[in-house]
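Trainee: I should like to learn how the terms used for a protein model are justified. May we take one structure and examine the reasoning step by step?

Mentor: Certainly; here is the structure.

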Amino acid sequence: MGNSNGMKMCCSTSLCAPQYELQFIELEYPLRSPEVLSEQTNRKGNENASKDESKPEHISIIRESFHLELATNDSKYDDAYRHRLEQCLNYAKVLKLKVLSSSSLPKNTVICINALGYENSLRAIKDGTTYFGCKKRNKHKGEIINDIVIPPQDKSLAEKHRGQHFQIIYSVESDTYFIKDLAIGFGTFVRLLYPLELKDNYLLHIGDNFLLINLVKSNDSAFLRLRIKLFGARNTGDIFYFNEPDYRNSAIRIGRTPNCEIQIDDTLISKIQCTIYYEDEKWILADGDLEIHKLSTNGTWLYLNESFEIYDGMVFKSNHTLFQAAIL
């Protein structure tokens, strides 16, 4: 959960990532990419249905052969995997991360990542993974552990959180990139641009507040009761319950206006920050005001405790830094 003491924005722009410590929760369910979300909510067409069919034949052959040579010995497995990554290098998609805002990295900096990892990495191992953290080297061994260093404003925090904060890894099988927080540091969050099916223990960040989502089965019926616990400077510990039968034809609004079902006194969130509705036996969350089709100003953010597929245009944040992804 978020530490409610001293929650402040990191700089002049409200879109920067929070820099207070988090206690991390193990999520039971994997996070959903936009393609999966759109299928679950029936809110998008099948525009990406034929996407895989157009992939180069070289990539398909490499993916298919990858599983045929997996050795039981770990070192042989690593060598085989790196060999596949090298084969993919000439054909795989390239991920470019642009720094939109940061307290430590120059704005508009572009980080290029390919199938082997960060192109300019000083790490000796090219394993298809790019690590981000606030320190470059391991404290005791002195080896380079992070490809990209994002120093925090507070130098004492850099020593405390010296490890790897989050990773981006290339998938040979799907020719795409996945991002995951590694539970050290300040948390990694993705801005929700698509409706999200809520799962138990999801953690959301809005303004200076965190929302912990729980789905509770009722003892006397089959419906799922939605439980939302609020953590913030003024609202820590507030709990709200919503019964599924009461919201089959209406929505739960979260924002700072009195007509919201959950009102939060926070100038960093919108009048209607996000909306939750019940559809197809699922609780669905969408950013902004659905009635007027308006997104929130500063975004609704999901903590990335599980691997999340990076898509073109995706925005995420960690340690005072806001990134936007482009897949080429």
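Mentor: Let us begin with Asn-319, which is located in the loop between strand S20 (315–318) and strand S21 (321–327). Please keep in mind that this is a predicted model.

Trainee: Why is Asn-319 called buried?

Mentor: Buried means under 20% relative accessible area. Asn-319 has a relative accessible area of 1%, and therefore it is buried.

Trainee: What is notable about the phi of Asn-319?

Mentor: Its phi is near 50°, which is a positive value in a residue other than glycine. Asn-201 also has a positive phi, of about 75°, although it is not a glycine. Asn-201 is found in the loop between S9 and strand S10 (203–206).

Trainee: S20 and S21 bound the loop of Asn-319. Which sheet contains them?

Mentor: They belong to an open sheet of 11 strands, in the order S3-S2-S1-S21-S20-S8-S18-S10-S11-S12-S13, with antiparallel pairing.

Trainee: What makes strand S3 (117–118) and strand S13 (238–242) edge strands?

Mentor: Each has a single partner strand, so one side of each is left without a neighbour in the sheet.

Trainee: How do you know that strand S1 (residues 95–102) and S21 are paired?

Mentor: Pairing requires at least two bridges between two strands. Seven bridges join S1 to S21, so the two strands qualify as a pair, and they run antiparallel. As one example, Val-99 has Phe-323 in S21 as its bridge partner.

Trainee: What holds such strands together in general?

Mentor: Strands of a sheet pair through backbone hydrogen bonds, either parallel or antiparallel.

Trainee: Where can I find the parallel sense in this model?

Mentor: S4 and strand S5 (residues 148–149) pair in the parallel sense over two bridges. Since the requirement is at least two, the count meets it. In this pairing Phe-132 stands opposite Ile-148 in S5. S4 is also joined to strand S6 (residues 166–171), by four bridges, and those two strands run antiparallel. There, Thr-130 stands opposite Ile-168 in S6.

Trainee: Why is strand S4 (residues 129–133) described as largely enclosed?

Mentor: Five of its five residues are buried, so S4 is largely enclosed by the rest of the structure.

Trainee: Which residues of S4 point one way, and which the other way?

Mentor: Thr-129, Tyr-131 and Gly-133 point one way, while Thr-130 and Phe-132 point the other way; all are buried. In a regular strand the side chains alternate between the two faces of the sheet.

Trainee: What is the strand order in the open sheet of five strands?

Mentor: The order is S9-S17-S16-S14-S15, and the pairing is mixed. Its edge strands are S9 (196–197) and S15 (262–263), each of which pairs on one side only.

Trainee: How do you know that S16 is paired with S17?

Mentor: Six bridges join S16 to S17, and at least two are required, so they are a pair; they run antiparallel. Cys-274 has Asp-287 in S17 as its bridge partner. The two strands form a hairpin with two residues between them, and Asp-280 in the turn has a positive phi of about 50°.

Trainee: How are the other neighbours in this sheet joined?

Mentor: Strand S14 (residues 251–255) and strand S16 (residues 274–279) run antiparallel and are joined by four bridges, with Ile-252 partnered by Ile-276 in S16. S9 and S17 also run antiparallel, joined by two bridges, and Leu-196 stands opposite Leu-285 in S17.

Trainee: What makes strand S17 (residues 282–287) largely enclosed?

Mentor: Five of its six residues are buried, so S17 is largely enclosed by the rest of the structure.

Trainee: Which residues lie nearest the centre of the second largest pocket?

Mentor: They are Pro-195, Ala-286, Asp-287, Leu-290 and Leu-295, from a lining of 12 residues. The lining has seven nonpolar, one polar and four charged residues, and the space in this pocket is about 210 Å³.

Trainee: How many helices and strands does the chain have?

Mentor: The chain has four helices and 21 strands. Of its 328 residues, 50% are buried.

Key. Residues numbered from 1 in each chain as written. Predicted model: local features only at pLDDT ≥ 70, side-chain atom pairs only at ≥ 80, totals over all residues. Heavy atoms only, no water. Buried < 20%, exposed > 50% of the residue type's maximum accessible area, 1.4 Å probe, protein only. 1 Å grid on protein atoms, 1.4 Å probe; cavity = no way out; pocket = protein on both sides within 12 Å on 5 of 7 lines; lining within 4 Å. Points joined across faces, edges and corners; volume = space filled by probe spheres on them. Nonpolar A, V, L, I, M, F, W, Y, C, P; charged D, E, K, R; others polar.
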